[in-house]
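Thanks for asking me to look this one over. My notes follow as numbered points, so you can go through them with the model open beside you.

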Amino acid sequence: MALPRLTVHGSTALVTGAAGGMGEHIARGLARRGCDVVLVDVLAEGLERVAESIRAESPAVTVTTDVVDLSDRSATEALGRRVATDHPDLNLLFNNAGVALGGRLNDVDLADIDWLLEINLLVPIRLTRALLPLMLGNGEGQVVNTSSLFGLIGPPGQSAYSTSKFGLRGFSESLRSELEAEGQPVGVTSVHPGGI
């Protein structure tokens, strides 16, 4: 079954990691196309800067910010509940937030690996699980997960990072297959950028 045509104009999108980099540009691009945006990041100052510039550039859209430390599992779960309540029309989810950690496995602290896996892999799973029922109920949607080139190859010194990004790729592919097999109106995309 083909997915219904998704119209960005008039949609609502959640973008994590929106205080700069790819997240900022994703949010700007969506707003330019008439999409309301919910911006999430741990960096309050950067998030407000991005929100204000989007409001100035795209005054017809609604821009909402939420400062959240996504490494805090309870904060992520609360974010999912808030977004579901405050933005019932949500149909785009950009799991873009990510952190990096270089070093060989024996040289990296296990607490740092847990931190990285929480943000890069478990947060996208948690937010998707929290918001997917909403998108299914709305009759259309798209989940976009930012993986990495290192979700396709595993170079030395990137064991933790590659694990998180391979995991995100596997999650995306499996969820996409599940939704397609059920004929559901929500798609899943995995993006694999190189160095940014």
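**Notes on the fold and two local sites**

1. Let me start with the overall layout. The chain has 5 helices and 6 strands. Please keep in mind as you read that this is a predicted model. Read from the N terminus, the elements follow the order β-α-β-α-β-α-β-α-β-α-β.

2. Next, the overall dimensions. The C-alpha trace spans about 50 × 45 × 30 Å along its principal axes. The radius of gyration of the chain is 16 Å, which agrees with the value near 16 Å that a compact globule of 196 residues would have.

3. On burial and contacts, 47% of the 196 residues in the chain are buried. If you take the contacts between residues at least 6 apart in sequence, 69% of them join residues at least 24 apart.

4. A word on the surface and the charges. The chain has an accessible surface of about 9,300 Å², and carbon and sulfur atoms account for 54% of that. There are 15 positive and 23 negative charges, and their mean positions lie 5 Å apart.

5. One residue you may like to find in the viewer is Asn145, which sits in strand S5, residues 141-146. Is Asn145 buried or exposed? Its relative accessible area is 0%, so Asn145 counts as buried, the cut-off being under 20%.

6. Which residues is Asn145 in contact with, once its neighbours within four places in sequence are left aside? The list is Asn95, Pro124, Leu168, Phe171, Ser172, Val188, Thr189, Ser190 and Val191.

7. The other local site is an aromatic one: the structure holds 1 aromatic pair. Phe150 and Tyr161 make up this pair, with 6.3 Å from centre to centre and 85° between the planes, an edge-to-face arrangement. The pair links distant parts of the chain, 11 residues apart: Phe150 lies in the loop between S5 and helix H5 (159-181), and Tyr161 lies in helix H5.

8. How do the two partners compare in accessibility? Phe150 has a relative accessible area of 23% and is partly exposed. Tyr161, at 16% relative accessibility, counts as buried. The two get separate labels because buried means under 20% relative accessible area, and partly exposed covers the range from there up to 50%. When you have the model open, Phe150 in the loop after S5 and Asn145 within S5 would be good places to begin.

Conventions. Residues are numbered from 1 along each chain as its sequence is written. This is a predicted model: local features need pLDDT of at least 70, side-chain atom pairs count only at pLDDT 80 or more; totals for chains, interfaces and linings use all residues. Side-chain values use heavy atoms; hydrogens and water are left out. Helices (H or I, at least four residues) and strands (E, at least two) are DSSP runs, numbered from the N terminus. Buried means under 20% relative accessible area, exposed over 50%, partly exposed in between (1.4 Å probe, protein chains only). Contact means heavy atoms within 4.5 Å. Rings of Phe, Tyr and Trp (its six-membered ring) pair if their centres lie within 6.5 Å; planes under 30 degrees apart count as stacked, over 60 as edge-to-face and the rest as tilted. The radius of gyration is taken over C-alpha atoms; the globule rule is 2.2 Å times the number of residues to the power 0.38. Accessible areas come from the Shrake-Rupley method with a 1.4 Å probe; for residues, only the protein chains shown count as cover. Lys and Arg count as positive and Asp and Glu as negative; His and the chain ends are not counted. The place of a charge is taken as NZ of Lys, CZ of Arg, CG of Asp or CD of Glu.
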